[in-house]
Structure formats: structure tokens, C-alpha cells
Amino acid sequence: MRADRVVTLVASALGRDDWGRAMRAELAAVPRGMQRRRFALGCVGALLVGLPALAWVGLAAAAAALGIVAAALVRFPGLETGLGTWLAIGFFVVVVVAYVVGAAGLSVRLERSMLLRGAVLAGASIAGAWWAVGLVASEGAPPLMSTAMLVLGPGVAGVAAAWATVRVSWAVGVQCVGLASLLAGFLLFFLWGGQTVAFAGRPYDPGLVRDFHTSGAPDLATYAVSDSLGSAMMLLLLVPLVSLVAAAAGAMVATCARRRRPSA
Amino acid sequence: MARSRSHSPQTLRVLRALASEPGAWRHGYDLVVSLDLKSGSLYPILIRLCDRGLLESRWEAAESGRPPRHVYRLTAAGAAEAEAAPLVRPAATGPRRRAQVRTT
């Protein structure tokens, strides 16, 4: 890929299009060859240096998520069952990389709106809400209660987006919850996946043991880890998507409410 | 009296280079060459100085077929900051400045 395209791509992903354009224009004035490549590399470094701390938190969370999957494969070699496993891991890596880039870009945009702390708080609340739903379901709560609690996570996302919309704008409200939900997804995966690998997928409930006998898995621990890690990966996809939909709805409601309010 | 924030030796070199030609617009690559800085060091400085209102930038039309270039010069606050900044010690300045390059 050409050096100027790399600079443009990184700048655009990080929400620094203006500086990306400035650097690209300078690149056109730099003699071709090693000098230009070094200049481009320095520009990419300069774009990354100024990233908010939260972007680096996203990167660390991604490394932790990949580390959990790697640790699971090492500890439970039976998880690898052929091409399907590697395709799933490849998809997971693509999702994680997309989340890191998304988190970095949103951090830069939200830093300008001074809403980074709000995004962190919203992220922790969304993760907490989903974790509470899982706890209630695993404790054998009535299905109606578990189902009713499913609105908790999206509800928090919607309220957070409405709050940011009232403070700044619709776009910022969605961006704020976008970042929050990416962080929440990572946090939930870290907690769930880490716990799964650390405790070999325990506790084993009767349903899991029953399904294991027909699964073809080499042992119960491998089957439990496979099942639980799959759920954690689904959660990593599901939480940000559902939260974003709820955020868009919350932001829309807040925008409508703002328009209807008579101006002072 | 308010004290200016302390700057890194590299930032001071950029401030002084820009202050040496008050009012003149400079290109990023020219600063890289004349100050013998890497782009990875210069751009974070330019971004920071712009964010702090010490530097102003504008787009300058370039030769045909080339994109407009970003040019920079000190604001009044930036010029005052450069004036108030301590002299850069030779040890911190790195290799000798190369000859001033073309001004396109």
C-alpha cells in the first residue's frame, strides 16, 4: 500500500482527518524512496502518540481478549477441531481489531467533547447490567424475570445516549455509547472468558453434562470451555450491537424532546 | 505574572525557528529538514502548539496536480512564548541545522 494512503487511512480511522490531509500533502513534497517512507512512518507514529489514554485501554483490552483465546487453545488443545476453529478465530480477530480501531477513533472524537469520563461510566454500567442479567439467569430466577432484565443493558445505553445528546448532540450521544459499548463488550469478554479459562468452564450444570455425551468433545472441560467461550464471543458481538441500537433510539427520543421544548 | 509552561527542547527549537521569521508561513517538511527533526517528533509538537493557540495554520494552494499544503506560523501568543522561552542549550539541539531548504 502507498505510504500516503496508509497515513490517510490511519488519520481517518482515528478521527484526525485534517492532520492526515496535512501530512499527506507534505508527503507529496518529500522525495520518493526511503525518505518518504520514513516520513510517512513518522506521521503514523505522530497520529498514534496523541491518542487519548482510553484508546490505549482499548488496545490493552484487545490484547487481553486475544490472550484469553490463546490461553484456552494452549490449555485445552481439544478446542481445535479443524478449519472451522481457525475460521472462527480469524473472525474473532477481525472483530477485535475493528473494535480497537473503533475505540481509538471514538476516543479522539469524544475527547473534543469532553465526554470520555461519561463514556467510561456508561461502559461500566452497561457491562454491569449485562452481568447482572447473567447472574440472575444462572441463579435460577423465573424466566419472566430474566427476560424482563434483558432490557436493563439496552436501557442503560439508551439513557446514556439521551444524556449525551442533551449535553452535546445526537451524533455525540451515539458516539459516546458506541465507545461505552465497545468497552463494555471487552470487559464482559474479559470477565466471562477469563473465568472460563481459569476454572475450566466450571460449574458444570446437568444440561451441559448431558449435552457433552453427544458432542464428540474429548473431555467435559474442553466442551464446557468451548461452549462458554463461544457464548463470550457472541456477547462481544451482541453487546455493542444491541447497545448501539438502543443508543440510537435514546438519542432520537432526546433530540425530539429537545425540539419540542419551547426555547427560552 | 503568568508563567509560560515549560517546553521540551524540541518544542523550543520549533518555536524559535518559527519566531526567527515572524509572520512567515512554514511547511511541515521544511521544518523537518531545517531542524533535523523526524516527522514523528515534529507533528505532535505542531498539533500541541495549534491546540494551545500558539500556532496558526492555513491551507496553501500548491503546484498543479499536488494537494494544498498546510502551512504554519506563530500567533501573537506563540511569538510571546518563543520570546519568553529560555535559550536552547547546544547539547539539547542535536545535529547542526542543515541549510535552509527551498521555500515552495
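1. At what angle do helix H1 (residues 9–19) of chain B and helix H4 (residues 76–84) of chain B pack, and how far apart are their axes? The angle comes out at about 115 degrees, and the axes lie 9 Å apart. Angles of 65 to 115 count as roughly perpendicular, so H1(B) and H4(B) get that label. The crossing of H1(B) past H4(B) is left-handed. Bear in mind throughout that this is a predicted model.

2. Here is who meets whom in that pair. H1(B) brings B:Leu15, B:Arg16, B:Leu18 and B:Ala19, while H4(B) brings B:Gly78, B:Ala79, B:Glu81 and B:Ala82. Sorted by class, the contact of H1(B) with H4(B) has 5 nonpolar residues, 1 polar and 2 charged.

3. Chain B has another helix pair to look at. Helix H2 (residues 28–35) of chain B packs on helix H3 (residues 39–51) of chain B at about 125 degrees, and their axes are 10 Å apart. That makes H2(B) and H3(B) oblique to each other, and their crossing is right-handed. From H2(B), the contact uses B:Gly28, B:Leu31 and B:Val32; from H3(B), it uses B:Ser39, B:Leu42, B:Tyr43 and B:Leu46. No charged residues turn up in the contact of H2(B) with H3(B), which has 5 nonpolar and 2 polar ones.

4. Now the sheet. Chain B has an open sheet of 3 strands, ordered E1-E3-E2, with antiparallel pairing. Strand E1 (26–27) and strand E2 (55–60) of chain B are the edge strands, each with a single partner, so each has one side without a neighbour in the sheet.

5. How many bridges hold each strand pair? E2(B) is joined to strand E3 (residues 69–74) of chain B by 6 bridges, and E1(B) pairs with E3(B) over 2 bridges. If you want to check the register by eye, B:Val71 in E3(B) is a handy marker: B:His27 stands opposite B:Val71, and B:Arg58 also stands opposite B:Val71. Next along, B:Ser57 faces B:Tyr72 in E3(B). As a general reminder, side chains in a regular strand alternate between the two faces of the sheet.

6. On to the interface. Contacts between the chains involve 16 residues of chain A and 15 residues of chain B. On the chain A side, helix H2 (17–29) and helix H3 (34–49) of chain A each supply at least two residues. The biggest contributor there is H2(A), with 8 residues. The class split for the side of chain A that touches chain B is 11 nonpolar, 3 polar and 2 charged. For the complex, the predictor reports an ipTM of 0.73 and a pTM of 0.70.

7. How confident is the predictor in chain A? Its mean pLDDT is 84, with 96% of residues at 70 or more. Among the elements of chain A, helix H4 (residues 53–75) has the highest mean pLDDT, 89, and helix H7 (residues 143–149) has the lowest, 74.

8. For chain B, the mean pLDDT is 79, and 78% of the residues reach 70 or more. The stretch to flag is residues 90–104 of chain B, where pLDDT stays under 50. The model does have 19 contacts beyond four places in sequence for residues 90–104 of chain B. Still, predicted coordinates should not be read in detail where pLDDT is low.

Note on methods: Residues numbered from 1 in each chain as written. Chains lettered and ligands numbered in written order. Predicted model: local features only at pLDDT ≥ 70, side-chain atom pairs only at ≥ 80, totals over all residues. Pairing = 2+ DSSP bridges. Helix = DSSP H or I, 4+ residues; strand = E, 2+ residues; numbered from the N terminus. pLDDT = per-residue confidence, 0-100. Contact = placed C-beta atoms within 7 Å. Nonpolar A, V, L, I, M, F, W, Y, C, P; charged D, E, K, R; others polar. Axes fitted to C-alpha atoms, helices over the stretch in contact; angles between N-to-C directions. Parallel < 35°, antiparallel > 145°, perpendicular 65-115°, else oblique. Left-handed = near helix turned anticlockwise from the far one by under 90°.
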